[in-house]
Amino acid sequence: MKKQEKHALFGTGRSDDVDNAGMKKWDDILSEMIFLLNESNEDTCTKKNKYEEDYHKAYQEFREKYGKHGQKLRTEDEIAREKQEGLYRLYHPGDVPEYKEIEDRYFEESRKLDQYRDECKDRAIDMFKEWFWDLWD
């Protein structure tokens with residue numbers, strides 16, 4: 001909504017139609033802000049990662065086959081390094097060819113969702129800044 005339209009949101013003393021139109025616009029603005037804030041929250045966002053279930057299933061299978069952090073995948077050199085330096089590699093399902101595709105899809109979708117939620121947050125904050133002084137009327 002443009003700045004010059006703000007005057008339509010206040011009671012003008014003119015006909016009820018004008019005041020009602022202003023209230024409708026104000027309700028729409030508040031509803032959009034609420035929607036955007038809900039969309040920016042991972043728990044309330046309407047968009048979900050379509051690979052979530054498959055990824056968690058693959059992750060559980062990976063843990064059963066290879067250990068919590070893929071310990072069964074460690075090479076002799078890695079085991080020696082762990083003993084010597086106290087450092088060890090943590091494996092993920094994507095380190096194994098059979099799980100790589102689902103992990104890649106899951107994390108790519110997660111990046112898209114993060115971007116979407118961030119855009120919603122930015123739009124909501126921009127609206128909040130624009131309408132801040134009108135929130136008490």
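Is cysteine 45 buried or exposed? Cysteine 45 counts as buried, because its relative accessibility is just 2%. For us, buried means under 20% relative accessible area, exposed means over 50%, and partly exposed is in between, using a 1.4 Å probe and protein chains only.

Okay, some ground rules before we go on. This is a predicted model, so local features need pLDDT of at least 70 and side-chain atom pairs count only at pLDDT 80 or more, while totals for chains, interfaces and linings use all residues. Residues are numbered from 1 along each chain as its sequence is written, and side-chain values use heavy atoms, with hydrogens and water left out.

Now the overall picture. The protein chain has four helices and zero strands, and from the N terminus on, its elements go α-α-α-α. Helices (H or I, at least four residues) and strands (E, at least two) are DSSP runs, numbered from the N terminus. Of the chain's 137 residues, 28% count as buried. Let's also talk contacts, meaning heavy atoms within 4.5 Å. Take the contacts with a separation of 6 or more: 62% of them are between residues 24 or more positions apart.

Back to our cysteine. Cysteine 45 sits in the loop between helix 1 and helix 2. Leaving out residues up to four places away in sequence, cysteine 45 touches Asn38, Glu39, Tyr116 and Arg117. With Arg117, the C-alpha atoms are separated by 7.7 Å, although the two residues are 72 apart along the chain.

So how many disulfides does the structure hold? Zero. A disulfide is a pair of cysteine sulfur atoms within 2.5 Å. The closest cysteine sulfur to that of cysteine 45 belongs to cysteine 120, and it is 6.6 Å away, so that is too far for a bond. Cysteine 120, in turn, is in no disulfide. Cysteine 120 is buried too, with a relative accessible area of 2%.

Next up, arginine 117. You'll find arginine 117 in helix 4, and at 10% relative accessibility it counts as buried. Its side chain is joined to that of aspartate 114 by a polar contact of 2.7 Å. A polar contact is a pair of N or O atoms within 3.5 Å; within protein, one must be able to donate a hydrogen and the other to accept it, and residues adjacent in sequence count only if both atoms are side-chain atoms. Apart from neighbours within four places in sequence, arginine 117 is in contact with Glu39, Ser40, Asn41, Glu42 and Cys45.

Which residues line the largest pocket? Among them are Glu42, Lys47, Tyr106, Asp114 and Arg117. Helix 4 (residues 97–131) gives the largest share of that lining, five residues.

Finally, two exposed residues. Threonine 46 is in the loop between helix 1 and helix 2 (52–66), and at 56% relative accessibility it counts as exposed. Threonine 46 and phenylalanine 35 are 11 residues apart in sequence and 9.8 Å apart in space, C-alpha to C-alpha. Isoleucine 34 is in helix 1 (residues 16–40), and it counts as exposed at 52% relative accessibility. Its C-alpha is 7.9 Å from that of alanine 124, with their positions 90 residues apart in sequence.

One last bit on that pocket: a pocket is an open set of points on a 1 Å grid over the protein atoms alone, where a 1.4 Å probe fits, with protein on both sides within 12 Å along at least five of seven lines, and lining residues have an atom within 4 Å of a point.
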